[in-house]
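Reader: I would like to go through this structure one step at a time. Please give the reasoning before each result.

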Amino acid sequence: MKHALRRTMDVLYFACALLAGTAFVAISAVIPWGVFTRYVLNSAASWPEPTAVLLTIVLTFFGAAACYRTSTHMSVTVLVRMMPGRWKRGAELLSEGFVAALAVFMVVYGEGLCAATWYQSIADFPSLSVGITYLPIPVGGAVTLLFVLERVLIGRPTAAVPAGATVTH
């Protein structure tokens with residue numbers, strides 16, 4: 001069971017990293033195109049900037065979930081590393097609880113945001129619902145919550161354990 005959960009989380013992590021990476025590459029292509037059309041062709045395209053904003057939402061929430069799982073996000077752990085074993089585990093669980101609370105907030109209020117804006121359209125993309133563009137918030141929150149549960153239930157993935165941290169397998 002533990003192996004199946006880890007494998008499922010590995011696949012979910014890969015999907016998040018792939019989605020965030022694809023969004024990053026697309027942003028890197030869209031912005032120069034906007035600059036090219038504005039300054040070389042003297043005819044600015046209207047879609048690159050709003051497209052980059054929408055892709056940034058995808059990059060942010062799925063990239064954050066992926067970085068959280070691999071512990072590549074910014075964190076300050078000096079005090080926790082200095083704690084004795086039992087206190088250290090308690091501090092780690094408290095930290096996971098805070099992340100879980102934030103993830104639940106993202107799911108609940110992100111879903112509300114999506115529902116409230118579902119029938120609004122974006123001026124630059126009239127056929128695209130604003131609610132759809134906000135979907136990465138609750139979905140990213142749900143994925144982050146799954147990664148929190150993974151850490152609490154079976155520990156961090158071994159590749160994601162920083163030096164000096166405890167592994168709970």
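Reader: How many Å does helix 1 reach from its first C-alpha to its last?

Author: This is a predicted model, and the values here are computed from it. Helix 1 has 38 residues, for which 56 Å is expected at 1.5 Å a residue. The reach in the model is close to that value, at 55 Å.

Reader: Which residues of helix 1 are buried, and what covers them?

Author: A residue counts as buried when its relative accessible area is under 20%. In helix 1 this applies to Arg-6, Met-9, Cys-16, Ala-20, Ala-23, Ile-27, Val-30, Gly-34 and Thr-37. The cover over these buried residues includes helix 2 and helix 6.

Reader: Which helix supplies the largest share of the largest nonpolar core?

Author: The largest nonpolar core has 14 residues, and those with the most contacts inside it are Cys-16, Ala-65, Val-143 and Phe-147. At least two core residues come from each of helix 1 (2-39), helix 2 (48-70) and helix 6 (136-154). The largest share is 6 residues, and the helix that supplies it is helix 2.

Reader: Which residues does Phe-147 touch, leaving out those up to four places away in sequence?

Author: Phe-147 is among the residues with the most contacts inside the largest nonpolar core. A contact requires heavy atoms within 4.5 Å. With residues up to four places away in sequence left out, Phe-147 touches Met-9, Leu-12, Tyr-13, Ala-65, Ala-66, Tyr-68 and Arg-69.

Reader: Why does Cys-16 count as buried, and how many disulfides does the structure hold?

Author: Cys-16 counts as buried because its relative accessibility is 3%, and the cut-off is under 20%. A disulfide needs two cysteine sulfur atoms within 2.5 Å. For Cys-16 the nearest cysteine sulfur, that of Cys-67, is 10 Å away, so Cys-16 is in no disulfide. The number of disulfides in the structure is 0.

Reader: How far away is the cysteine sulfur nearest to that of Cys-114?

Author: Cys-114 is buried, with a relative accessible area of 5%. Cys-114 is in no disulfide. The nearest cysteine sulfur is that of Cys-16, at 16 Å.

Reader: Which helix supplies the largest share of the lining of the second largest pocket?

Author: The second largest pocket has a volume of about 160 Å³. Its lining is made up of Ile-31, Gly-34, Val-35, Arg-38, Tyr-39, Ala-45, Ser-46, Pro-48 and Glu-49. Helix 1 and helix 2 each supply at least two of the lining residues. The largest share, 5 residues, comes from helix 1.

Technical notes: Residues numbered from 1 in each chain as written. Predicted model: local features only at pLDDT ≥ 70, side-chain atom pairs only at ≥ 80, totals over all residues. Heavy atoms only, no water. Core = buried A, V, L, I, M, F, W, Y, C linked by side-chain atoms within 4.5 Å. Buried < 20%, exposed > 50% of the residue type's maximum accessible area, 1.4 Å probe, protein only. Helix = DSSP H or I, 4+ residues; strand = E, 2+ residues; numbered from the N terminus. Expected span 1.5 Å × (residues − 1). 1 Å grid on protein atoms, 1.4 Å probe; cavity = no way out; pocket = protein on both sides within 12 Å on 5 of 7 lines; lining within 4 Å. Points joined across faces, edges and corners; volume = space filled by probe spheres on them.
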